[in-house]
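Hi,

Here is the structure I promised to pass on. Have a look at it first, and then read my notes below.

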Amino acid sequence: GVDTIVLEKRLVELREAMISSFSGVLGVYFRPNKGKNGLQTDGWHSTIQWAKQLMNSTCPGSMGLFIARADIKWTTDLPLPTPTDSPGLVLASWPKGELPSGRDHVADCFFFIAHDQIRNFEETLLALSRESKRDLHDVQDFWPDYNNRPIGYVCPELVLDSNPSFMWNPFYSLIGRRISSWSPLNGKDLNSAIAACGIYQNQGMKQNNTFSQQVSVAVPE
């Protein structure tokens, strides 16, 4: 079994790190949940159900949810949207390649989901689960509004693996995993890509802040 004292200490550390990285958020909550049959998609759906109750009771007026893995160690701030920019937005981190359909294969360690898109995201998770998809990498193939407004990216200029032990990224590492020193970007291109982050694909919006002050943060395992 898990040492509950160690686990509780770890969750306190994670919460403090999250608040430090994303100053001013309305709520930071953790919920270990692996989902049915080990499906990440089921775990995320269950977590969103839980997070909606928290939003209604403790964070009314939240502009949306930022959902991330609990084992992420943030290394720099993320350029996420302001309340003015947020309606209708769903943002993954960045594309990691291409699916057989020609749509993007998505890095899935974190998502921003605007309040008015939570229902669509829940339906997408259920559709992924029905197809026994274990993770969210194929989410663009199941997104109901893809033809009008596909899921965008915090950093559309980056095309990187979501696992930093395979490919280094500038924003996070995963606790307990080695960090790769390899990246397809050299220093100059990387700096340009980071500077371009916050230009949301198909949205035409530029973001200067690092994080909104009106986001609830839910963290599935």
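**Salt bridges, a hairpin and a disulfide**

There are five salt bridges in total. Keep in mind that this is a predicted model. I'll go through three of the salt bridges, then a strand pair, then the cysteines.

The salt bridge I'd look at first joins Asp161 and Lys96, with 3.7 Å from N to O. This pair connects distant parts of the chain, since Asp161 sits in the loop between β8 (152-153) and β9 (172-174) while Lys96 belongs to strand β5 (residues 95-98), 65 residues apart. How buried or exposed are the two partners? Asp161 counts as buried, at 17% relative accessibility, whereas Lys96 is partly exposed, with a relative accessible area of 22%.

Next come Asp138 and Lys133, whose side chains form a salt bridge at 3.1 Å, N to O. Here Asp138 is buried, its relative accessible area being 15%, and Lys133 is partly exposed at 27% relative accessibility.

Then there is the salt bridge between Asp71 and Arg69, at 2.7 Å from N to O. Asp71 is partly exposed, at 21% relative accessibility. Arg69 also counts as partly exposed, with 25%.

Back to β5, the strand that holds Lys96. Which strand does β5 pair with? Its partner is strand β6 (residues 104-106), and the two run antiparallel over three bridges. One of the contacts to check is Pro95, which has Val106 in β6 as its bridge partner. The two strands make a hairpin with five residues between them, and in the turn you'll find Gly102 with a positive phi of about 95°.

Now the cysteines. The model has one disulfide, formed by Cys155 and Cys197 with their sulfur atoms 1.9 Å apart. The torsion about the S-S bond is about 125°, so this disulfide is right-handed. Where does it sit along the chain? Cys155 lies in the loop between β8 and β9, and Cys197 in the loop between α5 (187-196) and β10 (215-220), so the disulfide ties together parts 42 residues apart in sequence. That puts Cys155 in the loop between β8 and β9, which is also where Asp161 of the salt bridge to Lys96 is found.

Both ends of the disulfide are buried: Cys155 has 1% relative accessibility, and Cys197 has a relative accessible area of 4%. Another cysteine to look at is Cys109, buried at 3% relative accessibility.

Happy to talk it through once you've had a look.

Best wishes

Key
Residues numbered from 1 in each chain as written. Predicted model: local features only at pLDDT ≥ 70, side-chain atom pairs only at ≥ 80, totals over all residues. Heavy atoms only, no water. Salt bridge = Lys/Arg side-chain N within 4 Å of Asp/Glu carboxyl O. Buried < 20%, exposed > 50% of the residue type's maximum accessible area, 1.4 Å probe, protein only. Helix = DSSP H or I, 4+ residues; strand = E, 2+ residues; numbered from the N terminus. Pairing = 2+ DSSP bridges. Disulfide = S-S within 2.5 Å.
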